[in-house]
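Reader: I should like to learn how contacts between domains and chains are read from a model. Please take me through one case, step by step.

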Amino acid sequence: MSCFLTNSSLGKKLVMSVTGCFLVLFILFHMSMNITLLFSPEAYNMVCEFLGANWYALVGTVILVAGIAIHFIYALMLTVDNYRARGKQRYAVTVKEKGVEWASKNMLLLGWIIIGGLALHLIHFWSKMQLVEIMGSHYFTPEIDGTATVINPANGALLVAYTFSKWYNVLIYILWLAALWFHLTHGVWSMFQSVGWANDTWYPRLKCIAKIVATLVLLGFAVVLILMYLNSGDIIAQMSHWVPEA
Amino acid sequence: MAFKLDSKIPAGELAQKWSNHKAAIKVVSPANKRKLDIIVIGTGLGGASAAASLGELGYNVKIFCIQDSPRRAHSIAAQGGINAAKNYQNDNDSVYRLFYDTIKGGDYRAREANVYRLAEVSNLIIDQCVAQGVPFAREYGGLLANRSFGGAQVSRTFYARGQTGQQLLLGAYAALNKEIAAGSVKSYPRHEMLDIVIEDGEARGIIARNLVTGEIERHGAHAVVIASGGYGNVFFLSTNAMASNGSAAFQCYRKGAGFANPCFTQIHPTCIPVHGTQQSKLTLMSESLRNDGRIWVPKKKEDVEKLRKGTIKPSDIKEEDRDYYLERRYPAFGNLVPRDVASRAAKERCDAGFGVNETGLAVFLDFKTAIERLGKDVIKQRYGNLFDMYEEITDTNPYEQPMQIFPAVHYTMGGIWVDYNLMTTIPGLYAIGEANFSDHGANRLGASALMQGLADGYFVLPYTIGDYLSHKIQAPKVKTDTPAFDEAEKAVKEKIAKLFAIKGKQSVDDIHKRLGHIMWENVGMARTKESLERAIKEIQALRKEFWADVKVVGTADSFNVELEKALRLADFLELGELMARDALMREESCGGHFRSEHQTEEGEAKRDDENFVYAAVWEYKGMDNEPELTKEPLNFEFVHPAQRNYKD
Amino acid sequence: MNFTLKIWRQKDAKSHGAFETYKVSDISPDTSFLEMMDILNNNLIHEGKEPVAFDHDCREGICGMCSLHINGHAHGPEQAVTTCQIYMRKFRDGQTIVIEPWRSAAFPVIKDLVVDRGAYDKILQAGGFVSVRTNSVPDGNAIPIPKKDADESMDAAACVGCGACAATCKNGSAMLFVAARVSSLAKLPQGRVEGARRAKAMVAKMDELGFGNCTNTGACQAECPKSISIAHIARLNREFLSAKFED
């Protein structure tokens, strides 16, 4: 059984589908976590604490990394295969066929954008939070507006507010989310198709569900970004001296 | 030297003949089957089903087709359905009734025993195809559905939407694939048989051209089966596929096989009329349309004039001003008369000046009454794909305006003469399906071509071929380095070289169109002594022109469609003459063969049962010599030929 | 009507090909696309040039022989028809029409616009059949089949094997073709018997022959001349995965 997941085209699709599904669930979880920030920065930090260098958070992180890596590596493998299958001689004229979504033909491009955004995102947050804890440190001293500031790695709210006080970060993240939106509009219904849970009656429904999920993700993350940008001053002031409860 | 024809029809009661015969003929043991090779030419219903069944039995089979895949054979284009005497509709159908309808539909010019066998195995075909996964139409109860077809008063036609031929062929092709996978059948797509090799008076193999590389190949076998279909393309414009041709059958004729009833050509009544001189193909609209469509022309000449000028639409003509001529002339069968009758009736109306388009060569097929009675949805469900196709081609919406139709060449009942075992006059050479002459007499009923192809391939040939091959069990593998093969290959190569050497001015199609014109005008729906004599002269002259002025571009050792077409046309130019000669000889009207001199006062075909109750079997005597006729008398022991009556 | 045609010409499988430009004039709008090609070819023959090789046969849209990638579309810009069913009235007078052969590694060019689609035969030989012998079968009505299932089977069985799906797919995947056969037989009790074996064997053969991987773009169903739905691909996926999980 192990082999059909690596050597059969349908097995590879199954892997894409399952890892994709896992990543969608992770994104939805991440989004709901972010939303707590809108209600209470303290609550958000509690979550950050909970997801620090604990064994369960670490296990989760490893699985997540594996999921992303497998999804991405398989995508690259499939693309190479598909490029070969297309043949050396390409069509001189190509068109977008009727009813075919742009996203469906550009999933790898969207994937690269998402990976790029992810790298930036890791630098912005993960490297300053969980990584710091993994390295065994309890404080982190970034330079905020030119002055070194001591921050607890669980003080996610401050980090978020600070990051999104910059308009360019908000803009980059929104572009990133837009790529994710396109990726999900195809990816979400596609994962049902790949495991065979689809038919002509359900295509419109699945595509609708995919758009709803994608839009929910987009709005869920974007609203936090925008509100952080608008309220960053208040939150930075409120959370600058936050320390975790013992 | 005339043929000594032995039809090998078994003695005994009609219903027992086939069982008795099967019991009497020899079989080949499994160990010996492995040593015997069979070549099958053509992958339509006949060829594919025969090759698959022979492969299953254990013979080594090689199958050849000119297309890129066996699945493309022209059987695939049959739309309407396949007949069987299942009596699932409880309308008192039976093997005898199917037999009777078929022999009557063929205007009493087919063998009783062959036709009865066809009706007898028809039921097995349906069972076989269902088991292969052919998605026949079904009723809500899950059982098989039927529709009616021309020439029958019962509903015995099984169908798969408008794609019955396709589905049956995919079934036979799947069976063939099963055997190809098992190694018992080897497939040679894009290969064309260019000659049959005869040694010691027996079929020993073929010379074939690989159509991709141009290579000339030799293939030996203990028996050769011709399943290459009909020769309707002699008319250039027909409902046949572009590459359908008579060449494989013609090579057999050239090498000494008798060719029977070449003039029996079926002109199908419901085709889309010709639109212009650049047309290369006629499109058939399924006969099933006649179930619900009504055929008419205006009663008044002034309406015809207005239609031609485009000042009125067909729907503007009042009910009482329409002449539903089939219902008028044939009250019992109405729009469901056999094809030859419907075609001639259309020609009669058009000749009388009632043709409804600019060319005067079209009649209406109207669904107005059916739409009113059943609703547009039902009609759409039944014929939607045909209606769409019609609109695509003609730019007219058949839900609103009646279709225009006109007869076109569709099927050739004539073909290589075979005995009851389907063997030709050359031992070891068999012909099945449309390529032979056996079952349809002078006219074929709708939904019977598929039946015959599969009957021959699945249920007849696999048994009867054993009778011959049982004598070959000691025979070694056929060697292909013998003088007979050398000679055949040399002749083929010379013929090809000769074609290239002509370097004339006319393309193959230019000449083919002219041949088609001669055939349609003189050897078409109505033939006379004068027209046939004219045709023979004109074809001879055209043939000379072909061999002096054809232009074949490209090379012999490459993929060269022009060369393929030239080789086929060379044979059509002889076959056309043979058809005209046969038609000239047959001084009667029967089925698809209508001699204007021989008609009743009402304009119906008038048979001459005194003088022409025989199959006319022709023997080749050289390109420019008259062929020799041998007659196989047809003995009607069980049915009595009567004037066909579709009136009451 | 007049047209400028840019047609791919290639001597044989080994040669390099290139586009050649031709002009055809005085074409009636009622002429079919392939009749227009016939006219071009007849002109070329009279000029002593080799005609353009292209596959075609029945010209009724059922044999699956015709191909051609016309202005970026398999079987031309019309929906749900094969190349042989397109009429010139659907083009603009004076239009330039680009005609290319199917492009897919599994469909090598034989000459000009003719490609080798033997790979599709090989996939069907791997399992696209029901293993019944001639004459050892029950009565046709022995097993009732719900009309809905028979209809669905027929929907899939309408596939003509033309190759447009793999030729259109940006991944060169033959999934729609394979799915059509697997699904058609899977919907019938007769085909159900060896359903698992069939799905595995045909998918393995498809992969082996160098077709690409399906990424669910749906381009195949958009260009399929028989409008076969990707729902059949879903069924193939289900058939295949359940077969694999039973191993």
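Author: We shall go from the domains of one chain to the chain contacts and then to salt bridges, bearing in mind that the model is predicted.

Reader: Into which domains is chain C divided, and how many Å separate their centres?

Author: A domain assignment gives residue ranges, and the ranges can then be compared. In chain C, domain 1 covers 3-110 and domain 2 covers 117-246. Their centres, taken over C-alpha atoms, are separated by 29 Å. Domain 1 of chain C brings 21 residues to the contact, and domain 2 of chain C brings 20 residues.

Reader: What area is buried between these two domains of chain C, and which residues of domain 1 lose the most?

Author: Buried area is the accessible area that two parts lose on being put together, summed over both. For domain 1 and domain 2 of chain C it is about 1400 Å², with carbon and sulfur atoms giving 52%. On the domain 1 side, Trp102(C), Ala106(C) and Phe107(C) lose the most area to domain 2, together 33% of what that side buries.

Reader: How many salt bridges and polar contacts are counted between the two domains of chain C?

Author: The count is 1 salt bridge between domain 1 and domain 2 of chain C. The side chains of Asp55(C) and Arg117(C) form a salt bridge, at 3.4 Å from N to O. Across the interface of the two domains, 7 residue pairs are in polar contact. By class, the side of domain 1 that touches domain 2 in chain C has 10 nonpolar, 9 polar and 2 charged residues.

Reader: Turning to the chains, which pair has the most contacts?

Author: Among the 2 pairs of chains that touch, chains B and C have the most contacts. Chain A and chain B do not touch, and their nearest C-alpha atoms are 19 Å apart.

Reader: How many residues of chain C and chain B are in contact, and what area is buried between them?

Author: The contact involves 72 residues of chain C and 77 residues of chain B. About 6200 Å² is buried between chain C and chain B, of which carbon and sulfur atoms give 53%. There are 7 salt bridges between these chains. Arg117(C) forms a salt bridge with Asp68(B), where the closest N and O atoms are 3.0 Å apart. Polar contacts join 42 residue pairs across the interface of chain C and chain B. Of the side of chain C that touches chain B, α3(C) supplies the largest share, 7 residues. That side divides into 33 nonpolar, 18 polar and 21 charged residues.

Reader: How should a salt bridge within a chain be read, and where do Lys86(B) and Asp127(B) lie?

Author: One asks for the distance, the location of each partner and the accessibility. The side chains of Lys86(B) and Asp127(B) meet at 2.6 Å, N to O. Lys86(B) lies in the loop between β3 (82-83) and α4 (95-105) of chain B and Asp127(B) in helix α5 (residues 112-131), so the pair ties together parts 41 residues apart in sequence. Both Lys86(B) and Asp127(B) are buried.

Reader: Lys621(B) forms a salt bridge with Glu619(B). Why does Lys621(B) count as partly exposed, and Glu619(B) as buried?

Author: Buried means under 20% relative accessible area, exposed means over 50%, and partly exposed lies in between. Lys621(B) counts as partly exposed because its relative accessibility is 31%. Glu619(B) is buried because its relative accessible area is 11%.

Terms used:
Residues numbered from 1 in each chain as written. Chains lettered and ligands numbered in written order. Predicted model: local features only at pLDDT ≥ 70, side-chain atom pairs only at ≥ 80, totals over all residues. Heavy atoms only, no water. Domains from an automatic or database assignment. Contact = heavy atoms within 4.5 Å. Buried area = accessible area lost by both parts, 1.4 Å probe. Salt bridge = Lys/Arg side-chain N within 4 Å of Asp/Glu carboxyl O. Polar contact = N/O pair within 3.5 Å; in protein donor to acceptor, adjacent residues only side chain to side chain. Nonpolar A, V, L, I, M, F, W, Y, C, P; charged D, E, K, R; others polar. Helix = DSSP H or I, 4+ residues; strand = E, 2+ residues; numbered from the N terminus. Buried < 20%, exposed > 50% of the residue type's maximum accessible area, 1.4 Å probe, protein only.
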